[in-house]
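This briefing sets out the fold, the core and the backbone geometry of one chain for a reader who works from coordinates. Please consult the sequence and the structure as each topic is taken up.

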Amino acid sequence: MARYLVPLGILGIFLIVMAFLFIGLGLNPREVPSPLIDKGAPEFILPTVKNPRKTLSLADLSNEVSLFNVWASWCVSCRQEHPLLVELARQGLVPIYGLNYKDARQDALRWLNTLGDPYTASAFDQDGRVGIDWGVYGVPETFVVDRRGIIRYKHTGPISVSDWKNTLLPMIRQLQAKKG
Amino acid sequence: MRAVLTVLLLTLGLAVHAGVVEPRPFEDPADEARYRQLIQELRCLVCQNQNLADSNADLAKDLRDQTYNMITAGKTDEEIVTFMVNRYGDFVLYRPPLKSTTVLLWFGPLLLIVTGMVILFVQVRRRAVARQAAKDLTPEEHSRIAQILADTGEDPRP
């Protein structure tokens with residue numbers, strides 16, 4: 001029996017390493033856990049895309065559970081995600097606020113006019129400073145902010161229908177049901 | 001001659017390397033050294049296997065700006081690193097801190113080496129013992145073994 005111990009041990013280590021590698025295959029390396037989860041959302045105050053004299057701030061979107069979606073007209077995946085946002089806005093389950101990240105105002109306006117505007121308001125973050133505060137590194141990104149202004153979830157990349165049904169919607173329902 | 005050539009070649013490499021990072025005015029060379037050190041150690045999150053110094057990504061440039069501005073504003077290295085970690089997490093650090101979640105990352109390789117050494121040691125030891133045991137046999141025992149092996153049809157050589 002003892003003579004099988006060493007080969008069995010080596011086989012065991014091999015299987016463990018294989019298991020790690022196999023799990024690694026299924027992970028998305030672009031999905032970097034945000035240190036902002038369950039922390040107060042970073043304060044900001046920016047002019048809106050549609051009206052430079054109006055501003056949008058954190059206080060505006062933390063009245064109720066809301067989505068904060070980082071987008072840009074130069075971002076290809078945003079175009080892929082956009083119809084879903086428009087549909088969500090039509091259903092009116094949750095207000096969607098936008099952070100127009102490092103964009104040109106003309107391009108952003110053209111985007112909203114041609115593809116539809118799902119946003120209650122979009123903040124115009126031309127130099128990306130607010131983006132840095134929110135830890136934005138890959139547009140589109142979507143944050144779930146609760147009514148106390150705390151970030152509850154971050155989704156990196158375009159939201160798919162199954163992301164919405166399986167993760168975001170249940171989370172939003174749960175947060176909306178909570179009092180205070 | 002050789003020394004001159006070496007220095008020349010080395011500086012040549014530096015010039016190529018400095019190409020990505022835009023030149024920035026520093027009043028104090030020590031600040032510039034800190035800046036170079038920091039952008040070497042901070043990871044660009046867009047192109048994940050490059051640091052801020054090597055990356056051409058837009059975000060890397062913004063974070064270089066951020067680092068530069070914080071240095072000229074008199075922030076310490078620690079404050080700058082904390083600023084980055086608070087926003088992007090430990091992932092921005094090429095040298096992750098030692099915490100419960102990174103223990104395996106830090107000591108995993110050591111663990112593998114130690115396991116390998118132990119297995120090797122045990123194997124070598126076992127063979128040495130077996131060889132010694134074979135030597136300790138008397139000539140009568142050897143001939144008996146040869147007899148037994150011949151009966152079972154096996155090759156008597158070890």
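A:Lys102 lies in the loop of chain A that connects β4 (96-101) with α4 (105-115). Although A:Lys102 is not a glycine, its phi is positive, at about 50°. The model is predicted, and the values below are computed from it.

**Positive phi outside glycine**

- A:Lys102 counts as partly exposed because 19 other C-beta atoms lie within 10 Å, whereas 20 or more would make a residue buried.
- A:Asp38 also belongs to the residues other than glycine with a positive phi, here near 65°.
- The position of A:Asp38 is in the loop of chain A between α1 (5-26) and β1 (45-47).
- A:Asp38 is exposed, since it has 11 other C-beta atoms within 10 Å and the limit for this class is 12 or fewer.

**Cis peptide bond**

- The peptide bond between A:Val139 and A:Pro140 is cis, with an omega of about -5°.
- A:Pro140 sits in the loop of chain A between α5 (129-133) and β6 (141-145).

**Nonpolar core**

- What is the size of the largest nonpolar core, and which residues touch the most other members? The core holds 54 residues, and A:Tyr97 and A:Val139 are the ones that touch the most other members.
- A:Val139 thus appears in two topics: it is joined to A:Pro140 by the cis bond, and it is one of the two residues named for the core.
- When residues up to four places away in sequence are left out, A:Val139 touches A:Val70, A:Trp71, A:Ala72, A:Cys75, A:Cys78 and A:Tyr101.
- In soluble globular proteins, nonpolar side chains tend to be buried together.

**Overall architecture**

- Chain A contains 6 helices and 7 strands.
- Read from the N terminus, the order of elements in chain A is α-β-β-α-β-α-β-α-β-α-β-β-α.
- Of the contacts in chain A with a separation of 6 or more, 73% are between residues 24 or more positions apart.
- Buried residues make up 35% of the 180 residues of chain A.

**Dimensions**

- The radius of gyration of chain A is 21 Å, whereas a compact globule of 180 residues would have one near 16 Å.
- The C-alpha trace of chain A spans about 80 × 40 × 30 Å along its principal axes.

Key:
Residues are numbered from 1 along each chain as its sequence is written. Chains are lettered from A and ligands numbered from 1 in the order in which they are written. This is a predicted model: local features need pLDDT of at least 70, side-chain atom pairs count only at pLDDT 80 or more; totals for chains, interfaces and linings use all residues. Helices (H or I, at least four residues) and strands (E, at least two) are DSSP runs, numbered from the N terminus. The radius of gyration is taken over C-alpha atoms; the globule rule is 2.2 Å times the number of residues to the power 0.38. Two residues are in contact if their C-beta atoms, placed from the backbone, lie within 7 Å. A nonpolar core is a set of buried Ala, Val, Leu, Ile, Met, Phe, Trp, Tyr and Cys residues joined through C-beta atoms within 7 Å.
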